[in-house]
Amino acid sequence: MKFLDQAKIYVRSGDGGDGVIAFRREKYIEFGGPDGGNGGRGGDVIFRAVPALNTLIDFRYTQHFKARKGGNGAGSDRTGAAADNVIIDVPVGTQIFDEDRETLLADLDEAGKEILLCRGGDGGRGNAHYKTSTNRAPRRADKGWPGEERWVWLRLKLIADVGLVGLPNAGKSTLLSVASRARPKIADYPFTTLHPQLGVVRLNTTEEFVIADIPGLIEGASEGAGLGDRFLGHVERCATLLHLIDGTESQIVKHWRLIRHELEAYDPGLAAKPELIVLNKCDSLTAEQKSAKKRALAKASGAEVLTLSGVTGEGLPELLRLLQDRVNAAKESKQA
C-alpha cells in the first residue's frame with residue numbers, strides 16, 4: 001500500500017428539510033386546522049480514528065464528502081426523516097487543519113476518538129408550529145437551515161514511542177529490521193527510505209514499544225534539500241529520539257551537530273525531546289577507533305554515547321532495554 005501522510009478534502013453537512021403548510025381535511029369534522037410537519041435534520045460529518053488504517057491514501061481518490069439533506073415535513077403533522085451522518089474513518093494520529101493549513105481543528109490521537117466537524121442543518125418549522133389561539137390558520141412554514149461546508153487538510157503523524165533520526169545510510173533501516181519484524185528496504189545508497197516505517201519491538205510477553213524510521217536528513221533539509229524535513233512530524237509524538245551516527249565516517253561530531261541543527265530548525269520542541277546517541281556500524285571499527293569516537297561524541301554532546309552494530313547485534317539488547325525503560329518512564333509520567 002502506498003504511503004500518504006497528507007491530503008486536502010471537501011466536506012459538507014446536509015441541509016435541514018423544509019417545513020410544510022398543510023391543513024386537515026376530514027369528513028364530518030366541521031373545523032380543520034393546520035397540521036404541516038417540521039423538516040428533518042440534515043446529516044452531520046464526523047471524523048473517527050480507527051487503528052486499522054495507517055495511511056491517507058484513500059483520500060487521494062475520494063476527496064468530496066457530502067451528507068444528505070433531511071426529509072421535508074408532511075401533512076398530518078409528520079416530521080421529515082433525519083438524514084444519516086457521514087462518518088469518515090482516518091488513521092490514529094491524524095490531525096485536521098483548516099484550509100490555511102495552520103489552524104488546528106482536531107487531533108485524533110487515540111483509537112475511537114471522534115470529532116463532529118460539520119453539523120447538519122436543523123429542519124424548518126411547519127405551519128402547525130405557528131398555531132396559536134389568535135392565529136388558528138397560519139400560512140407560514142420555514143425552509144430548512146443550511147448545512148456547513150469547508151475544505152480541510154488532513155495530516156497524519158504516526159503514533160510511535162521511539163523515533164529514529166540520522167543522516168542517510170546511518171543504519172536506521174537495518175536497526176529497524178533486526179529489532180522488529182518490519183522489513184524496510186535496505187541498500188548502500190542514500191535515501192533508501194522514502195517514507196516512514198513502523199516496527200513493534202517486543203522484549204518479552206509484557207513489554208513492547210513502537211519504533212518509527214523516517215527518511216534521512218541532510219544539511220539544508222529545513223530549506224527543502226533532499227527529501228526535506230516534513231517527515232519529522234512523524235516523530236513529534238515519540239517519547240524519545242534515537243540518534244544513529246555512522247561510526248565509519250570521519251566527521252561524526254559534525255554530523256551529530258548537523259542533525260541537531262535540522263531538528264531545531266523544524267521545531268525547538270522536537271529538539272528538546274530526550275535523545276539517545278548511538279554510534280553505529282562498530283563492527284567495522286577497531287577497539288581504539290571505537291573508543292576515540294565515542295569519547296569525541298560524548299564530549300561534544302555532554303551525554304552518554306552507546307555503541308551498536310546492527311549487522312552483528314553487538315550492543316542491541318542493552319539498547320532495546322534502555323529504550324523500553326525510557327518509554328515506560330514517559331508513560332508513567334504522562335499518567336501521573
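Let me begin with a term: a residue is called buried when its relative accessible area is under 20%, and C282, at 3% relative accessibility, therefore counts as buried. The same reasoning serves for C238, which counts as buried because its relative accessibility is 2%. Please keep in mind that what we are looking at is a predicted model. While we are on the subject of cysteines, I should add that the structure holds zero disulfides.

Let me turn now to the sheet. Five strands make up an open sheet, and if you follow them across, the order is β3-β1-β8-β5-β6, with mixed pairing. At the edges are β3, residues 64-66, and β6, residues 104-108, each of which pairs on one side only. From one strand to the next, the twist averages 25 degrees. To take one pairing as an example, β5, which covers residues 94-97, runs antiparallel to β8, residues 149-156, and the two are joined over four bridges. Which residue in β8 is the bridge partner of Q95? That partner is R155.

From the sheet I would like to move to the cores. In soluble globular proteins, nonpolar side chains tend to be buried together. Here the largest nonpolar core has 23 residues, and the members that touch the most others are I9, V11, F47, F59, I88, I96 and L154. Several strands contribute to this core, since β1, β2, β4, β6, β7 and β8 each supply at least two of its residues. If we pick out F47 and set aside its neighbours within four places in sequence, we find it in contact with a list of residues including I9, V11, I88, I96 and L154, and also with K113 and E114. Apart from this core lies another, of 20 residues, among them V162, V201, L306 and V327.

How many of the eight residues of helix α2 are buried? The helix, residues 172-179, is mostly covered, with six of the eight buried, and these are K172, S173, L175, L176, S177 and A179.

Finally, let me point out two residues in loops. D77, in the loop between β3 and β4, has a phi near 60 degrees, which is a positive value in a residue other than glycine. R101, in the loop between β5 and β6, also has a positive phi, near 65 degrees, and is likewise a residue other than glycine. Is R101 buried or exposed? Its relative accessibility is 44%, so R101 counts as partly exposed.

Conventions
Residues numbered from 1 in each chain as written. Predicted model: local features only at pLDDT ≥ 70, side-chain atom pairs only at ≥ 80, totals over all residues. Heavy atoms only, no water. Pairing = 2+ DSSP bridges. Axes fitted to C-alpha atoms, helices over the stretch in contact; angles between N-to-C directions. Disulfide = S-S within 2.5 Å. Buried < 20%, exposed > 50% of the residue type's maximum accessible area, 1.4 Å probe, protein only. Core = buried A, V, L, I, M, F, W, Y, C linked by side-chain atoms within 4.5 Å. Contact = heavy atoms within 4.5 Å.
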